[in-house]
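Visitor: Could you take me through one part of this model up close? Pick a single strand and what surrounds it.

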Amino acid sequence: MKESKGLYARNLMRLAGLLLGMALFAQVAAAQSFDIVNVAPGVYAAIGKNGTFGNGAFIVNSDGVIVVDTQARPSWARDLMAEIKKVTDKPVTTVINTHFHGDHTNGNMAYAAAFGPSLTIVGQENMKADLMTKGAQSLATSRDTAVPQAIARMSQQLADGKDAQGNALTPEARQQLQAQLDSQKSYLEELKQVQITPPTKTYDKELTLTSGGRTMRLFHVGNAHTRGDTIIYLPKERVVITGDLLTNGIPVMRNAYPAEWINTLDAIDKLDFETAIPGHGDVQHGKAQLEKLISYMRDMVAGVKDAAAKGMTLEQTEAAVDLSKHKADFPNFDASSKAAVDRAYQEATGKITD
């Protein structure tokens with residue numbers, strides 16, 4: 001019971017950290033929020049920059065535009081709409097959410113407001129259920145607890161003239177901290193306005209969208225980054241859009257099923273694609289990053305299962321599972337590998353509750 005409470009506390013801390021990360025280093029929107037990358041005819045990646053937390057994508061068809069994921073802030077969603085208008089005057093007809101996390105869904109409301117009841121929002125059926133429960137809870141935690149606490153902490157540091165370690169703030173550090181504080185304040189104001197906007201169309205295992213002569217295959221393999229991940233595959237264009245099933249590092253594991261996730265990664269690996277648009281990080285060409293993640297996940301899950309089978313505690317498992325050979329493959333290894341091991345341990349011991 002004590003270990004379970006410890007896991008819950010660590011998970012809550014990681015959740016708060018992730019939610020804070022959505023805004024902590026973001027600048028108040030004064031510049032373009034995305035690098036728009038044309039990856040195939042009519043297919044564009046929207047790679048978050050200038051502090052924008054997370055990517056999107058859009059596909060321009062003869063009869064309208066399909067958008068994938070809508071960012072953590074409605075203002076960022078509106079920034080992407082402005083970028084789309086630079087490419088085409090066609091309306092957005094469809095939004096696809098790859099999973100329920102707020103950095104991929106908070107902007108749904110902005111598209112619904114801009115394009116009205118004719119807009120279709122698509123998500124896997126578990127995604128919709130989780131958005132209305134876990135997503136709403138995460139939004140409330142960020143709005144009511146995590147971000148206000150960060151604002152109070154940074155305000156106090158500025159008042160004291162000291163950083164989190166008690167060191168005197170240099171002029172440069174003070175300026176950076178003030179920018180972070182301003183960003184947190186603007187983020188909080190947006191969070192107060194966010195209304196959970198769920199999919200209007202759901203599917204179970206697979207859905208094919210045909211729009212303007214283009215075919216897009218949406219499919220869900222099983223539990224992975226969440227219970228309701230969608231992979232978007234454009235076979236003719238040889239493009240896959242993965243959400244957070246694939247990122248530029250070790251993906252966040254807070255609602256994950258690491259052992260089962262491997263099946264989804266293997267399914268992506270079997271697709272004939274040349275370009276991957278990940279949930280975070282730059283456009284990827286080829287399968288090198290995907291296969292690094294598969295290798296890491298296999299080793300991590302196998303090590304955790306072995307430790308759990310031997311009756312090790314979580315702390316013993318963290319010490320026993322050596323994944324250092326993968327460190328060079330992931331820029332966030334030090335920050336994220338321990339969280340991955342912790343989540344895999346919950347899964348291996350039947351303690352996943354979220």
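Guide: Let's go straight to strand β4, residues 64-68: five of its five residues are buried, so the strand is largely enclosed by the rest of the structure. Buried here means under 20% relative accessible area, against over 50% for exposed and in between for partly exposed, with a 1.4 Å probe and protein chains only. Strands (E, at least two residues) and helices (H or I, at least four) are DSSP runs, numbered from the N terminus. Before going on: this is a predicted model, so local features need pLDDT of at least 70 and side-chain atom pairs count only at pLDDT 80 or more, while totals for chains, interfaces and linings use all residues. Residues are numbered from 1 along each chain as its sequence is written, and side-chain values use heavy atoms, leaving out hydrogens and water.

Back to β4. G64, I66 and V68 point one way, V65 and V67 the other way, and all are buried.

Now the neighbours, where two strands pair if DSSP finds at least two bridges between them. β3 and β4 are antiparallel, with five bridges, and a hairpin of two residues joins β3 to β4. Across that pairing, N61 stands opposite G64 of β4. β4 also runs parallel to β5 (residues 92-96), with four bridges; there, I66 has T94 of β5 as its bridge partner. To get from β4 to β5 the chain passes through helix α2 (residues 74-87), in a right-handed β-α-β crossover. Right-handed means that, with the strands pointing away from the viewer, the path from the first strand over the helix to the second runs clockwise.

V68 brings us to a void: with N55, G56, A57, D69, I241, G243, I277, P278 and G279, V68 lines the second largest cavity. The elements giving two or more residues to that lining are β3 (56-61), β11 (239-243) and β12 (275-278). A cavity is a set of points on a 1 Å grid over the protein atoms alone where a 1.4 Å probe fits but cannot get out, and lining residues have an atom within 4 Å of a point. The structure holds two cavities of 30 Å³ or more, and this one has about 50 Å³ of space; grid points are joined across faces, edges and corners, and the volume is the space filled by probe spheres set on them.

One more link: I241 of β11 stands opposite I232, and β10 (residues 231-234) pairs with β11 in the antiparallel sense over three bridges.

Definitions and conventions:
1 Å grid on protein atoms, 1.4 Å probe; cavity = no way out; pocket = protein on both sides within 12 Å on 5 of 7 lines; lining within 4 Å.
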